[in-house]
Every structure is written in structure tokens, then in C-alpha cells.
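Got your viewer open? Load the model, pick a cartoon view and keep the selection box handy. We'll go stop by stop.

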Amino acid sequence: MCAHNPPCPTAEAPDREAARLRAHRPEQGWSLLCNGVLLFEDTGELLPDGRIVPPLRSLDPARAAA
């Protein structure tokens, strides 16, 4: 997918979030990276093969305070 030099990290790489943005829709809460990863504002991810990476932080402020 990536035509950059040096190429962006693949969707399987641990640093996949370092890939360049292809589309950014902050009003909708998502960004599409050059490697096909769809990032969500809650830190969740959807990988090109359909796997889901759950968010790294809680969305429930009451739980975070406990």
C-alpha cells in the first residue's frame, strides 16, 4: 500500500500507528493510515484484515477515577 520512502510500518508491525495519514475525519472520530489501519479517537483500531484492537483507555470516567 505504501509508496513512501522509507516505507511506512505495516499493519502487523508494533509501530503501525507511525504510518502516514491518508484520511483524517476528526468530526467522525477516525483516521485512515497509509498501511490500511483505521484508528479511532478512543485509541481502538481496525486492521485491514478485519481484526480489532481494543481501546487502550477506559471510556467510563467513573471507572478511571476508582
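**First stop: an exposed residue**

Start by selecting I52, which is exposed at a relative accessible area of 67%. Here, buried means under 20% relative accessible area, exposed means over 50%, and partly exposed is in between (1.4 Å probe, protein chains only). I52 sits in strand β5, residues 52-53. Strands (E, at least two residues) and helices (H or I, at least four) are DSSP runs, numbered from the N terminus.

Now add F40 and L46 to the selection: with I52 they make a nonpolar surface patch that has about 280 Å² of accessible area together. Patches take residues with over 30% relative accessible area and no salt bridge; like charges are joined within 9 Å, and nonpolar side chains (Val, Leu, Ile, Met, Phe, Trp, Tyr) within 5 Å. The areas come from the Shrake-Rupley method with a 1.4 Å probe, and for residues only the protein chains shown count as cover.

A quick word on what you're looking at. This is a predicted model, where local features need pLDDT of at least 70 and side-chain atom pairs count only at pLDDT 80 or more, while totals for chains, interfaces and linings use all residues. Residues are numbered from 1 along each chain as its sequence is written, and side-chain values use heavy atoms, leaving out hydrogens and water.

**Zoom out: the whole chain**

Colour by secondary structure. You should find one helix and five strands, and going along the sequence the pattern reads β-β-β-β-β-α. Of the chain's 66 residues, 29% count as buried. The accessible surface comes to about 4800 Å², and 57% of that belongs to carbon and sulfur atoms.

**The sheet**

Hide everything but the strands. In what order do the five strands form the sheet? The order is β1-β2-β3-β4-β5, in an open sheet with antiparallel pairing. At the edges are β1 (21-25) and β5, each pairing on one side only. Two strands pair if DSSP finds at least two bridges between them.

Select β1 and β2 next: they run antiparallel and are joined by four bridges. A23 has L32 of β2 as its bridge partner, and H24 has S31. The hairpin of these two strands has four residues between them, and G29 there takes a positive phi near 85°.

Move on to β2 (residues 30-33) and β3 (residues 38-40), which pair in the antiparallel sense over three bridges. L32 turns up again here, standing opposite L38 in β3. This hairpin also has four residues between its strands, and G36 in the turn shows a positive phi of about 90°.

Stay on β2 and switch on the side chains. Which ones point to the buried face? S31 and L33 do, whereas W30 and L32 point to the other face and are not buried. In a regular strand, side chains alternate between the two faces of the sheet.

**Into the core**

Select C8, A11, A19, L33, C34, V37, L39 and L47: these eight residues are the largest nonpolar core. A nonpolar core is a set of buried Ala, Val, Leu, Ile, Met, Phe, Trp, Tyr and Cys residues joined through side-chain atoms within 4.5 Å. Centre on A19, and, leaving aside neighbours within four places in sequence, you'll see it in contact with C8, P9, L33, C34 and N35. Contact means heavy atoms within 4.5 Å.

**Last stop: the salt bridges**

How many salt bridges does a search of the whole structure find? Three. A salt bridge is a side-chain nitrogen of Lys or Arg within 4 Å of a carboxyl oxygen of Asp or Glu.

Select R16 and E45, whose closest N and O atoms are 2.7 Å apart in their salt bridge. R16 lies in the segment before β1 and E45 in strand β4 (residues 45-46), so the pair ties together parts that are 29 residues apart in sequence. Both R16 and E45 are buried, with R16 at 15% relative accessibility.

Add E17, which forms a salt bridge with R16 at 4.0 Å between the closest N and O atoms. E17 is partly exposed, at 37% relative accessibility.

Finish with D49 and R51, a salt bridge with its closest N and O atoms 2.8 Å apart. D49 is partly exposed at 48% relative accessibility, and R51 is partly exposed at 43%. As for R16, E17 and E45, salt bridges that share partners join them into one network.
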